[in-house]
Amino acid sequence: MIDRFRVGVITSSHGIKGEAKVYPTSDDQNRLKKIKKVYANIKGVETALDIETVRFQKNMALVKFKQFNTPEEIQVLRNTDLFVDRDNATPLKKNENYIADLIGLDVIDEEGILLGKVTDIFPTGANHVMEVDMGEKKVLFPYISQCILDVDLEEGKIRVHVLDGLLDL
């Protein structure tokens, strides 16, 4: 399991006071308003950044960090990922897992036969979808209770029910 989760990416500076335009990568865009500290890798050095203010403009968060006061300082941080500690991540509900913890897990069917590895999980309109690399092809499994039977992070396995016709695509 990983210790930090990406919550956004700095895309550019905004205005003259040193605000950063941040593209939120969390499933809860307003999550950035609740966070006081993020981490970034700045020129090879892991750096803690204190969030002063957050406001939104369209799909972007405008974030003012205490450590930066000019557009030029922010411009150097373009394409920098922002992370939070696991302790500051959105709390999980029962039977929920962080997506980052699922990437790389083995996927097995109901008989215990290895199907492949999780390479990605992403939202669709109705539910999330889990991409599984099966070697010669990648298959998308709906991340729903009828398909995902069990997630065992300790064993590194996700047990699935293969819906009829799913592997024929």
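**Exercises on three loop residues**

The side chain of aspartate 109 reaches the backbone nitrogen of isoleucine 113 at 2.9 Å, a polar contact (a pair of N or O atoms within 3.5 Å; within protein, one must be able to donate a hydrogen and the other to accept it, and residues adjacent in sequence count only if both atoms are side-chain atoms). This is a predicted model, in which local features need pLDDT of at least 70, side-chain atom pairs count only at pLDDT 80 or more, and totals for chains, interfaces and linings use all residues. Residues are numbered from 1 along each chain as its sequence is written, and side-chain values use heavy atoms, with hydrogens and water left out.

**Exercise 1.** Describe the surroundings of aspartate 109.

*Solution.* Begin with the location: aspartate 109 is in the loop between strand 7 (106–108) and strand 8 (114–123). Strands are DSSP runs of E, at least two residues; helices are runs of H or I, at least four; both are numbered from the N terminus.

Next, consider charge. Aspartate 109 is buried yet lacks a salt bridge; such a bridge places a side-chain nitrogen of Lys or Arg within 4 Å of a carboxyl oxygen of Asp or Glu. Arginine 159, the nearest side chain of opposite charge, is 8.4 Å away.

Finally, leaving aside residues up to four places away in sequence, aspartate 109 touches Leu115, Arg159, Val160 and Val162 (heavy atoms within 4.5 Å).

**Exercise 2.** Determine whether lysine 43 is buried or exposed.

*Solution.* Lysine 43 lies in the loop between strand 3 (37–42) and strand 4 (45–57). Although not a glycine, lysine 43 has a positive phi of about 55 degrees. Buried means under 20% relative accessible area, exposed over 50%, and partly exposed in between (1.4 Å probe, protein chains only). Lysine 43 counts as exposed because its relative accessibility is 74%.

Methods. Lys, Arg positive; Asp, Glu negative; His and termini not counted.
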